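Please open the structure in your viewer and set it to a cartoon representation, with side chains ready to be switched on. The tour goes from a sheet to a pair of helices.

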Amino acid sequence: MTGGWNVVYLSTVLLFTTIIFLIFKALRNPLRHIPGPWHSLVTSYPLKLDVLKGRRLHHIHRLHLKYGPIVRVGPTELAVADIDAYKIIYRAGLAGFQKDDWYFGLTDFPIKAVFNMSDNKEHATRRRMLAPGFTKTNIVREWQPVVQENTKLAMRQMHVSATALFGESFEMLMAGERNQYIRDLEKVMMWGGLGYEFPMLRFISQHLPPLPFEVTLQLSSAAKTISQYGQKAVAASRLTNTLTRNVFKTMIADAEKGLPSLTDLDVSVEAGNLQIAGTDTTANTLTFLVWAVAKRPEIQLRLAQEVAVVREEELNDVRLSQLPFLDAVIQETLRLYPAVGSSLLRVVPRGGADLCGYAIPEGTTVGTTAYTIHRLSSVWGPDAEKFRPERWLEYAEKGISGVSDEAKAAFNPFGGGSRSCLGLHLAMMELRIAVAMFYREFKVSMKVAEETTDESMEMEDYFVIAPKGHTCVLVAT
Ligand code: HEM
């Protein structure tokens, strides 16, 4: 045989061996009885490619539309969009499904924090330590003045430019441009997720001198920078009565009394995680809100009229919680544009589980995306895709504790069970105050600028959702 024939022969043998191996792998996959694309029996690369493009939730939504409420998205991962299954996966308590290790891979921090601890017991202990800083009473007492002050400053800045560039932290609004802190936070989510999906990229970025490519440069710097912010927060929390001191004060007080508490490294990693969890989530929710409202002048008018009657000195969480339309607009934004709209991945515990009528083996990764369950027409009606805050008032009129039972079970912008959002009260207070101040200031005069299109506002999914174009320009007319 000539050299050329040798190559053909070897390639054919290799190809056949690979095909036989893949068929064997597919036939033995314990998830083969679950609906899903054939390739997901052997690879999750099509999903990974969409993760790379910031389109994980769109990928999963498309599969749900085609295959139904439970779908295999990779050889060991299922996506689930069913309310009964949701209640099983995200049930509270120590026996609940644990978080997938994916969460730990998301960041490069050396140890786990409350957000990404997978062991339920370890998580419960940590959450008990942090929870006192996040109660509604504590949030209103300690943080309300800070939120009010920062929002006022943001409004002043917006008047100067006559253009509202939401989608940024209040701090950035004050500076009038994206500051380095915000850029670093965005980077850590995006590149952290990619580093998990493509471990080789992370390995290269950690072990070789940075290559002159965007991806490796970003991977090598993102987590380091956020760790430094975390360390600064620890130093500040020990020195002053800052926001961080408020969050960590129980632990710091315990440590000062010689009681078991967290190490400095624990606190700095928690602080780093909180900055990631708490900044872009609220800012991007505001971005989608003002954009969606600017597209519907009648909603803008109704909202502006409702907040106009509140006296200046009453712009606080208690008073603003009583405004039904403000609440409806915020809920509708969280429904259609949930800031954490992606898969919240969990692991099926020992003994397996019954989900959507299928027996799912233990160890399988399962997750629900808020994006899909917030758009189920079986729950939200034929206009599920439409931004229509009035639906929340209609639920309230029906008198079923404000919201229909089905919608209540399906509406989970802050996650579910023991792992639901720790910052819920802070986020809601920020949203109420910011939205009320914004529409008192600008009344009915905001319009979407030409450069902001439906396409630029498409949701980009690097775990925290952002508009694809990363800005939303509104013009004050
Ligand atoms: C609109 C704003 C926000 C939304 C939509 C949101 C949403 C969520 C969701 C869906 C989860 C569950 C994640 C999962 O199961 O994987 C979560 C967890 C968490 N959030 Fe938020 N969040 C927001 C704001 C905040 C803020 C302001 C903070 C704190 C400053 C915060 C801190 C946390 C923490 C610490 C966790 C982990 C809780 C645990 O595992 O015990 N979030 N958030």
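In what order do the strands of the open sheet lie, and what is the sense of their pairing? This is a predicted model, and in it 5 strands make up an open sheet that runs E1-E2-E8-E5-E3, with mixed pairing. Select strand E1 (70-74) and strand E3 (98-99) next: each has a single partner strand and stands at an edge, so one side of each has no neighbour in the sheet.

Keep the sheet in view and add helix H3 (residues 56-67), which packs on it and touches E1, E2, strand E5 (343-347) and E8; the direction of H3 makes about 135 degrees with that of E1.

Now move to strand E2 (residues 77-80) and strand E8 (residues 365-369), which are paired in the parallel sense over 3 bridges. Within this pair, select Glu 77 and you will find Thr 365 of E8 opposite.

Leave the sheet and select helix H17 (residues 324-336) together with helix H22 (residues 424-442), whose axes come within 11 Å and cross at roughly 115 degrees. Because angles of 65 to 115 degrees count as roughly perpendicular, H17 and H22 are described as roughly perpendicular to each other, and the crossing of H17 past H22 is right-handed.

To see where the two helices meet, show the side chains of Leu 326, Val 329 and Ile 330 in H17, which face Leu 431, Arg 432, Val 435 and Ala 436 in H22 across the contact. Sorted by class, the contact of H17 with H22 comprises 6 nonpolar residues, 1 charged residue and no polar ones.

Notes: Residues are numbered from 1 along each chain as its sequence is written. This is a predicted model: local features need pLDDT of at least 70, side-chain atom pairs count only at pLDDT 80 or more; totals for chains, interfaces and linings use all residues. Axes are lines fitted to C-alpha atoms, for helices over the stretch in contact, and angles run from 0 to 180 degrees between N-to-C directions. Helices (H or I, at least four residues) and strands (E, at least two) are DSSP runs, numbered from the N terminus. Angles under 35 degrees count as roughly parallel, over 145 as roughly antiparallel, 65 to 115 as roughly perpendicular and the rest as oblique. A crossing is left-handed if the near helix is turned anticlockwise from the far one by less than a right angle, and right-handed if clockwise. Two residues are in contact if their C-beta atoms, placed from the backbone, lie within 7 Å. Ala, Val, Leu, Ile, Met, Phe, Trp, Tyr, Cys and Pro count as nonpolar, Asp, Glu, Lys and Arg as charged, and the others, Gly among them, as polar. Two strands pair if DSSP finds at least two bridges between them.
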